[in-house]
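Reader: Hi! Could you walk me through this one while I have it open?
Author: Happy to, here it is.
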Amino acid sequence: IRALPPPSSIVACRMRRRSSAYRQSTPRKTGSASRRLYARNWARRSRRVSATRKSPTSAASRSRDFHTTVPEPVRSRLTLENDESSYSLVDLLPVYDSTGVSIVWDSHHHTFNDGGLSLDDAYSLSVYTWKASGCKPLQHLSNTTPGLENGNFTERRKHSDFIHYVPDCQREGLLVDVIDVDVEAKMKNLAVNKIKTSILKA
């Protein structure tokens, strides 16, 4: 496990949509709070299915159409991510079945919108969707700010400064090096270092 270089030297590939034309942007520096715990899968980009209309069937159809119209360099980098309010991992499975697009599982979002799945089951299903890609499964990890666990929805969904809890399934996956994780914490690389030296210390 290693932390990334300082944010000023982090370069990532982003996908942008300009006038209905899809292209891969040139590598650029990113100020995102998300930092790789492992430096792999750099070009993978997550796509939210829908935030306004919950219909898994129509979402699968729209995503299938989207998947077939974009160029291969874009299509090969697309992933899906479960949402904390609209689409759970269960809702994304029909999209995966239709397109083969892997699912980036966000364990924090899952605690708000689990679709009836336990953490362990959701973890295993998301890992399965990466089998055909040839890439190590990528997941997201974040926590509610301590003291706001009983707050309202908006307060509980905010990312904390540091990671103070890693679900057992993700912790085991990291320790045996079978998943990659994006750490979404406000203290960025300091949060990654804290995970390495304390929470993930076997």
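Author: One term to begin with: buried means under 20% relative accessible area, exposed over 50%, and partly exposed in between (1.4 Å probe, protein chains only). This is a predicted model, where local features need pLDDT of at least 70 and side-chain atom pairs count only at pLDDT 80 or more, while totals for chains, interfaces and linings use all residues. Residues are numbered from 1 along each chain as its sequence is written, and side-chain values use heavy atoms, with hydrogens and water left out.
Reader: Thanks! Is aspartate 168 buried or exposed?
Author: Aspartate 168 counts as exposed, at 57% relative accessibility. Its place is in helix H7; helices (H or I, at least four residues) and strands (E, at least two) are DSSP runs, numbered from the N terminus.
Reader: Which residues gather with Asp168 in a patch of negative charge?
Author: Asp120, Asp121 and Glu172 join Asp168 in that surface patch. H5 and H7 are the elements that give two or more residues to it. Patches are made of residues with over 30% relative accessible area and no salt bridge, with like charges joined within 9 Å and nonpolar side chains (Val, Leu, Ile, Met, Phe, Trp, Tyr) within 5 Å. Asp and Glu count as negative, Lys and Arg as positive, and His and the chain ends are not counted. The place of a charge is taken as NZ of Lys, CZ of Arg, CG of Asp or CD of Glu.
Reader: And which residues make the nonpolar surface patch?
Author: Leu175, Val176 and Val178 make a nonpolar patch of about 230 Å². Valine 176 lies in the loop between H7 and E10, and is exposed with a relative accessible area of 52%. Areas come from the Shrake-Rupley method with a 1.4 Å probe; for residues, only the protein chains shown count as cover.
Reader: New topic: how many salt bridges does the structure hold?
Author: Three. A salt bridge here is a side-chain nitrogen of Lys or Arg within 4 Å of a carboxyl oxygen of Asp or Glu.
Reader: What does lysine 136 pair with?
Author: Lysine 136 forms a salt bridge with aspartate 177, with the closest N and O atoms 2.7 Å apart. Lysine 136 sits in the loop between helix H5 (119-128) and strand E9 (138-141), and aspartate 177 in the loop between helix H7 (168-175) and strand E10 (180-184), so the pair ties together parts 41 residues apart in sequence. Aspartate 177 is partly exposed, at 34%.
Reader: Nice. What about glutamate 84?
Author: Glutamate 84 meets arginine 157 in a salt bridge (2.2 Å, N to O). Because glutamate 84 is in the loop between strand E7 (78-81) and helix H3 (89-99) and arginine 157 is in helix H6 (residues 153-157), the pair ties together parts 73 residues apart in sequence. Glutamate 84 counts as buried at 6% relative accessibility, whereas arginine 157 is partly exposed at 36%.
Reader: And where is glutamate 72 relative to arginine 75?
Author: Both are in helix H2 (residues 72-75), three residues apart, which separates them by about one helical turn. Their salt bridge has its closest N and O atoms 2.9 Å apart. Glutamate 72 is partly exposed at 44% relative accessibility, and arginine 75 is partly exposed at 24%.
Reader: Last one: what is histidine 110 in contact with?
Author: Leaving aside neighbours within four places in sequence, histidine 110 is in contact (heavy atoms within 4.5 Å) with Asn82, Trp105, Leu117, Ser118, Leu119 and Ala122. Histidine 110 lies in helix H4 (residues 107-112) and counts as buried, at 3% relative accessibility.
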